[in-house]
Amino acid sequence: MNEIAKLMAQLAPKEGVNDTYLSGVRVFRGSQYASRGPLCYSQGVLIVGQGKKRVYIEDQTFDYDRQHSLVMTVPLPVECETFASIEEPVLVLMVDINLVQLNYIVRLMDEHHQIPKDLNESRQSGFFIADSTEDMDCSVIRLLQALQSPLEAQVMGEALVLELLYRLLDSPNAAPLYALSLSHTRLSRVEKALSYIHKHYGESVEVDTLAGLVNMSPSAFHRCFKEVTSSTPIQYVKKIRLNKARELLQLQKMKVKEVSIQVGYESTAQFSREFKRYFEQSPGEFARL
């Protein structure tokens, strides 16, 4: 087991997501293979210490593993497959992207003329793969070491996350991360619309409303939205509602009809059909697990 995996294992004694002493930083442990299935990834950085995960986003497939980190510049519904075993569990450091920290670094890089020149021409997808480097690994190790102690996490944690973000911004594929920070980019406009969706998914969400929110025409917004998320706005809203419904059924043990209303469905029957089509289980079957 490499040093990064050893440090992650110490921070993740239980299956699933383990909190650390630093807010916004968690470690995931999975000790068995998990077949391809839908879930929603938050805005953040996913760094693998051991094992491998495969992400399916519409017709695209990406692996992230010890050599490749996954950076989600916006929250995205995806499908994920996990490659792990009891002997070799998958271990993943999960770091939320703090926009205040990101904006601070990008402003300094702008002052030093280090902002990429082709941001508006480059494709601004809502995610990218960052190759591991020696500098990145050193940053990850320092952060994991600090997280072993509540005092060190409090004293040095935020500075070490800042360093990690800087290393990511220095990687060749980081244009979407810059675009997230700069207010005039297509990605940052779509991110604002996504924030609205995540706050109002239980209400009626109209494409025209979202387009107006970010000062774009409906046709331009639709085009940019699909570029960033690989989904249409309607598809995205539906997937967010269904993922939220699964959380409510799993964590709060709510009744199916109550859940369907809370996530914005007028018809419980329609909700049940779409839930089963998406998760390959009816909401009632899922609730009984």
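Two strands count as paired if DSSP finds at least two bridges between them. In this predicted model, strand β5 (residues 52–57) pairs with β6 in the antiparallel sense over five bridges. One bridge partnership in this region links R54 to D63, the latter in β6.

β5 and β6 belong to an open sheet of four strands, ordered β3-β8-β5-β6, with antiparallel pairing. Its edges are formed by β3 and β6 (60–64), each of which pairs on one side only. On average, neighbouring strands of this sheet are turned by 30 degrees against each other, direction ignored.

The edge strand β3 also contributes to the largest pocket, where it supplies eight residues, the largest share of the lining. The space in this pocket is about 1,400 Å³. Its lining comprises 46 residues, and P38, L39, C40, Y41 and R246 lie nearest the centre. Among the elements that each supply at least two lining residues are the following.

| Element | Residues |
|---|---|
| β1 | 16–19 |
| β2 | 25–30 |
| β8 | 76–83 |
| β9 | 90–96 |
| α9 | 233–251 |
| α11 | 268–279 |

Q43 sits in the loop between β3 (34–41) and β4 (44–50). With a relative accessible area of 17%, Q43 is classed as buried because the cut-off is under 20%. The side chain of Q43 reaches the backbone oxygen of T73 at 2.7 Å. Apart from neighbours within four places in sequence, Q43 is in contact with M72, T73, V74, P75, D96, I97, L180 and E191.

Key. Residues numbered from 1 in each chain as written. Predicted model: local features only at pLDDT ≥ 70, side-chain atom pairs only at ≥ 80, totals over all residues. Heavy atoms only, no water. Buried < 20%, exposed > 50% of the residue type's maximum accessible area, 1.4 Å probe, protein only. Polar contact = N/O pair within 3.5 Å; in protein donor to acceptor, adjacent residues only side chain to side chain. Contact = heavy atoms within 4.5 Å. Axes fitted to C-alpha atoms, helices over the stretch in contact; angles between N-to-C directions. 1 Å grid on protein atoms, 1.4 Å probe; cavity = no way out; pocket = protein on both sides within 12 Å on 5 of 7 lines; lining within 4 Å. Points joined across faces, edges and corners; volume = space filled by probe spheres on them.
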